[in-house]
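Okay, thanks for squeezing me in today. Let me put the structure up, and then I'll talk you through the side-chain contacts and the spaces between them.

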Amino acid sequence: WVPSTDLVQPQRGWQAAFGYFKNFRDNDFEFSVETYYKELNNQIDYAENYVNDPTQDLEDQFVFGDGKAYGLEFFLRKRNGKLNGWLSYTLSRTERTFDDINDGNIFPAIQDRPHDLSIAMSYKINPKWQISGSFVYTSGITFTPVESIYLLEQSVSYQFGDRNSARIEPYHRFDLSARLTPKQRKENGLRSSWTFSIYNLYDRRNLLF
């Protein structure tokens, strides 16, 4: 994030969305589907030959272009009963176009996540115990790969591929928890519970780290 200046114009955007929302089975279930389209102007990125040099003004390393994002979102929720929870899935693209990057061709932004899935469920076993689980899956972030490394006048040089033309492995994990609610004492009016959680149950390694 950088402040706006005479050179760095404010980033702007507008978005249009259209959706359908429906409750059914006496409001026990909630469903929605929504599509959106967003235009982005005055987007900022580093030039193709950018080198982190503290002696140079950072603004001189910026290039400016436009972008767009569009997608389709689904949502389903069960609101009542011993078993409840929700499912959410988004299919989307986020793209950028810069005259000075990638020969002016469209490339995916680092925020591009074609697939994003979330599932959360909860089951009340009895008045004391409730178990919950959640699963998330999202496409990996994009990056610009190094295609070759060579020596030039005794210094190491890198040849990069197209901007953001590669993607790391998808991210996903499953979390599990159990909540114990002891019998409440009526005299003080306070409520308490114990929650036991296991984060990342199957020990998924996040490649980003």
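Before I get to any residue, one bit of vocabulary: buried means under 20% relative accessible area, exposed means over 50%, and partly exposed is whatever falls in between. By that yardstick Tyr 37, at 29% relative accessibility, counts as partly exposed. And please keep in mind that this is a predicted model.

Let's stay with Tyr 37 for a moment, since there's some ring business going on around it. How many aromatic pairs turn up in the whole structure? The search finds eight. In one of them, Tyr 37 and Tyr 70 are stacked, with 6.5 Å from centre to centre and 20° between the planes. Tyr 37 sits in strand E2 and Tyr 70 in strand E3, 33 residues apart, and the pair links those distant parts of the chain. Tyr 70 is partly exposed too, with a relative accessible area of 30%. There's also a bigger grouping to look for on the screen: ring pairs join Trp 14, Tyr 37 and Tyr 70 into a cluster.

Now look at another ring pair, Tyr 46 and Phe 62. Their centres are 5.8 Å apart and the planes are at 45°, so this one is tilted. Tyr 46 lies in strand E2 and Phe 62 in strand E3, so here the pair ties together parts that are 16 residues apart in sequence. Buried or exposed, what about Phe 62? Phe 62 counts as buried, at 11% relative accessibility. Tyr 46, at 33%, counts as partly exposed.

Okay, on to charges. As a general reminder, side chains of opposite charge can pair when their charged atoms come close. The count here comes to nine salt bridges, and I'll walk through a few.

First up on my list is Arg 163 with Asp 45, where the side chains meet at 3.2 Å, N to O. Why do I like this one? Arg 163 is in the loop between strand E10 (155–160) and strand E11 (166–167), while Asp 45 is in strand E2 (residues 29–46), so the bridge ties together parts that are 118 residues apart in sequence. Arg 163 is buried, with a relative accessible area of 13%, and Asp 45 is partly exposed, at 22%. Glu 48 comes into this as well: Asp 45, Glu 48 and Arg 163 are linked in a network of salt bridges.

Next, Glu 95 and Lys 68 form a salt bridge, with their closest N and O atoms 4.0 Å apart. Glu 95 belongs to strand E4 (residues 83–97) and Lys 68 to strand E3 (residues 62–78), so parts that are 27 residues apart in sequence are tied together. Glu 95 counts as buried at 13% relative accessibility, whereas Lys 68 is partly exposed at 28%.

Then there's Arg 167 with Asp 112, and the closest N and O atoms in that bridge are 2.8 Å apart. Arg 167 lies in strand E11 and Asp 112 in the loop between strand E5 (107–108) and strand E6 (115–124), so this pair connects parts that are 55 residues apart in sequence. Asp 112 is buried, with a relative accessible area of 0%. Arg 167 counts as partly exposed, at 32%.

Last topic: the spaces. The largest pocket has a volume of about 620 Å³. It's lined by 21 residues, and the closest to its centre are Gln 11, Gln 43, Ile 44, Asp 45 and Gln 111. Which strand gives the most to that lining? That's E2, with five residues. By class, the lining splits into 12 nonpolar, six polar and three charged.

The second largest pocket holds about 520 Å³ of space. Among its 16 lining residues, the closest to the centre are Ala 47, Glu 48, Asn 49, Phe 160 and Arg 163. The largest share of this lining, three residues, comes from E10, and the classes here are six nonpolar, five polar and five charged.

And finally, the closed-off space. The count is one cavity of 30 Å³ or more, with a volume of about 30 Å³. Its lining includes Ile 168, Tyr 171, Arg 204 and Leu 207, and by class it has four nonpolar, one polar and three charged residues.

That's my tour, so over to you.

Technical notes. Residues numbered from 1 in each chain as written. Predicted model: local features only at pLDDT ≥ 70, side-chain atom pairs only at ≥ 80, totals over all residues. Heavy atoms only, no water. 1 Å grid on protein atoms, 1.4 Å probe; cavity = no way out; pocket = protein on both sides within 12 Å on 5 of 7 lines; lining within 4 Å. Points joined across faces, edges and corners; volume = space filled by probe spheres on them. Nonpolar A, V, L, I, M, F, W, Y, C, P; charged D, E, K, R; others polar. Helix = DSSP H or I, 4+ residues; strand = E, 2+ residues; numbered from the N terminus. Buried < 20%, exposed > 50% of the residue type's maximum accessible area, 1.4 Å probe, protein only. Phe/Tyr/Trp six-rings, centres within 6.5 Å; stacked < 30°, edge-to-face > 60°.
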